[in-house]
Amino acid sequence: MASPPSPRLLCALLGDRLAALSARPLLRTAAPGRGHRRVTCQATRTLSSLVDALFNRRSRDDSLESNPRRLRPGKVSPRLTVPSHIQRPPYVNSRQRPQMNDGPEIHDEKGIECMRASGKLAAQVLKFAGTLVNPGITTDEIDKAVHQMIIDNGAYPSPLGYCGFPKSVCTSVNECICHGIPDSRPLEDGDIINIDVTVYLNGYHGDTSATFLCGDVDDEAKK
């Protein structure tokens, strides 16, 4: 007897079928254009996502039970304060994403020196943060140490308050791809952690990050 298709295969088959169905217009009021293609694409993605959720929910739940090391969020402590005399980026206290310049910026000598200073401080903070990576330390403790070093040097921790981000550094552990929020979870032997440091000094951001190994890390994680 043939074995039933796996949930993944069912998802793929039904996703393709739904994609074909969604490409057929239900109402034809005008010639299809860019807007039509965009709506069709969005509908296809939505339907495929629904199918994926229906058929793969069980397999995802099973993977949680079979992988006790799977990253789970800890408790996030209150945001830290910054002395009032330190210059703040314009986006602080606003949840609006800052606008980007349309064209290139040409900096004068003073601006270039400020860029160099903020980049140097960010590199120094990152190097210090890396020395803290050991089994047992929490990412919240790393955040507090990074925060203190940044404000001690008269700079503002750029992530703090960016679009509502609650912490002064990004700590992304294991399968967390980027912009992880520091919390109460202790680092474990075998973890990898990306620490993303950005400082705002004299009107310029210095931004850098690196991934550090915590204890005895296996070859797969090192890659």
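In this predicted model, the count of salt bridges comes to 5. One of them sits inside helix α3, which covers residues 109-131. Here Glu113 pairs up with Arg116, and the closest N and O atoms are 2.6 Å apart. The two residues are 3 apart along the chain, or about one turn of the helix. Glu113 isn't tucked away: its relative accessible area is 48%, so it counts as partly exposed.

Helix α4 (residues 139-152) offers another pair, Lys144 and Asp140, again about one turn of the helix from each other but this time 4 residues apart. Their side chains meet in a salt bridge at 3.5 Å, N to O. What about cover? Lys144 comes out as partly exposed because its relative accessible area is 42%, whereas Asp140 has just 9% relative accessibility and therefore counts as buried, the cut-off being under 20%.

Asp140 has a second partner too. Its side chain also meets that of Lys167 in a salt bridge, with 3.0 Å from N to O. This pair ties together distant parts of the chain, since Lys167 belongs to the loop between β1 and β2 while Asp140 belongs to helix α4, 27 residues apart. Through shared partners, Asp140, Lys144 and Lys167 end up in one network of salt bridges. Both Lys167 and Asp140 are buried.

Stepping back to the overall layout, the protein has 5 helices and 4 strands. Along the sequence, these elements follow the pattern α-α-α-α-β-β-β-β-α. Of the 223 residues, 31% count as buried.

Among the strands, β3 (residues 192-201) is a good one to look at. How many of the residues of β3 are buried? It's 10 of the 10, so the strand is largely enclosed by the rest of the structure. Both of its faces are covered: one side carries Ile192, Asn194, Asp196, Thr198 and Tyr200, and the other carries Ile193, Ile195, Val197, Val199 and Leu201.

Strand β3 also pairs with several other strands. With β1 (residues 156-157), it pairs in the antiparallel sense over 2 bridges, and Pro157 stands opposite Val199 in β3. Strand β2 runs antiparallel to β3 as well, and 4 bridges join the two. Picking out bridge partners here, Cys170 goes with Asp196 and Ser172 goes with Asn194. Like β3, strand β2 (residues 170-173) has both faces covered, with Cys170 and Ser172 buried on one side and Thr171 and Val173 buried on the other.

Then there's β4 (residues 204-213), which is antiparallel to β3 and joined to it by 10 bridges. Asn194 turns up again here, standing opposite Thr211 in β4. The two strands form a hairpin with 2 residues between them. In that turn, Asn202 has a positive phi of about 55 degrees.

Finally, a look at surface charge. Which residues form a negative surface patch? They are Asp189, Asp216, Asp218, Asp219 and Glu220. One of these, Asp219, lies in helix α5 (residues 219-222). With 56% relative accessibility, Asp219 is past the cut-off of over 50% and so counts as exposed.

Conventions:
Residues numbered from 1 in each chain as written. Predicted model: local features only at pLDDT ≥ 70, side-chain atom pairs only at ≥ 80, totals over all residues. Heavy atoms only, no water. Patch = residues over 30% accessible without salt bridge, like charges linked within 9 Å, V, L, I, M, F, W, Y side chains within 5 Å. Areas by Shrake-Rupley, 256 points an atom, 1.4 Å probe, with all protein chains shown as cover. Salt bridge = Lys/Arg side-chain N within 4 Å of Asp/Glu carboxyl O. Lys, Arg positive; Asp, Glu negative; His and termini not counted. Charge placed at Lys NZ, Arg CZ, Asp CG, Glu CD. Buried < 20%, exposed > 50% of the residue type's maximum accessible area, 1.4 Å probe, protein only. Pairing = 2+ DSSP bridges.
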